[in-house]
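User: I would like to learn how to read pockets, salt bridges and surface patches in a model. Could you walk me through them?

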Amino acid sequence: MTLEKKRLTLDLDAPLQRRLKAIAALRGVSMRQYCQTAIGKELDRDEAEGIPVLPFGEAIERLAALQEEIFAGTTLPGDSADLIREAREQRASP
C-alpha cells in the first residue's frame, strides 16, 4: 500500500542548512530522508510525553481560536499567493 504524500516547504537559515547537508551526507542519506526521520522521532517523543494527538475537528477549532487571537479579526490585504510570491522575489533579489 502506497501512502499519500504531502509537500512541506521549509525555509532554513544557511548555517542550519549546511549542517543538515553535511550530517545527512555523513550518514549516507538525503536531506529529505534525514528530515523525515528526525521529524518522526520528535513526533514520537512528543506523543510519548503525553502531548495529545487531537482529532482533526478539535485541531481546526484550536487553530481558528489561535488565528483569532493573533489577528483579532484583521483581514490582511491582498491575496496570500501574491504575498508569498512577493516575499520570494524580495529574497531572490540582490
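**Reading the features**

Analyst: Happy to. Let's begin with a pocket lining: the residues around the second largest pocket divide into 9 nonpolar, no polar and 1 charged. Bear in mind that this is a predicted model.

User: Which residues line the second largest pocket, and which elements give two or more residues to its lining?

Analyst: The lining consists of Leu10, Leu12, Leu16, Arg19, Leu20, Ile23, Tyr34, Cys35, Ala38 and Ile39. Two or more of the lining residues come from each of H1 and H2. The volume of this second largest pocket is about 180 Å³.

User: How should I think about a pocket in general, and what volume does the largest pocket have?

Analyst: The general idea is that rolling a probe the size of a water molecule over the atoms shows where empty space is left. Here, the largest pocket has a volume of about 680 Å³. It is lined by 16 residues, and Lys6, Arg7, Leu8, Arg32 and Gln36 are the closest to its centre. Helix H2 (31-48) gives the most to this lining, with 5 residues, while H1 is also among the elements that supply at least two. By class, the largest pocket is lined by 8 nonpolar, 3 polar and 5 charged residues.

User: Now the charges. How many salt bridges does a search of the whole structure find?

Analyst: First the principle: side chains of opposite charge can pair when their charged atoms come close. In this structure the search finds 6 salt bridges. In one salt bridge, the side chains of Asp11 and Arg91 meet at 3.9 Å, N to O. Asp11 sits in the segment before H1 and Arg91 in helix H4, so this pair ties together parts that are 80 residues apart in sequence.

User: And on the surface, which residues form a nonpolar patch?

Analyst: The patch is made of Phe56, Ile60, Leu63, Leu66, Ile70, Phe71, Leu76 and Leu83, which together have about 790 Å² of accessible area. Helix H3 (residues 56-71) gives the most to it, with 6 residues. Leu76 is found in the loop between H3 and helix H4 (80-92).

User: Finally, what is the mean pLDDT of the protein, and which elements have the lowest and the highest mean pLDDT?

Analyst: The mean for the protein is 88, with 99% of its residues reaching 70 or more. Among the elements, helix H1 (residues 14-27) has the highest mean pLDDT, 96, and H4 the lowest, 86.

Definitions and conventions
Residues numbered from 1 in each chain as written. Heavy atoms only, no water. Patch = residues over 30% accessible without salt bridge, like charges linked within 9 Å, V, L, I, M, F, W, Y side chains within 5 Å. Areas by Shrake-Rupley, 256 points an atom, 1.4 Å probe, with all protein chains shown as cover. Salt bridge = Lys/Arg side-chain N within 4 Å of Asp/Glu carboxyl O. Helix = DSSP H or I, 4+ residues; strand = E, 2+ residues; numbered from the N terminus. pLDDT = per-residue confidence, 0-100. 1 Å grid on protein atoms, 1.4 Å probe; cavity = no way out; pocket = protein on both sides within 12 Å on 5 of 7 lines; lining within 4 Å. Points joined across faces, edges and corners; volume = space filled by probe spheres on them. Nonpolar A, V, L, I, M, F, W, Y, C, P; charged D, E, K, R; others polar.
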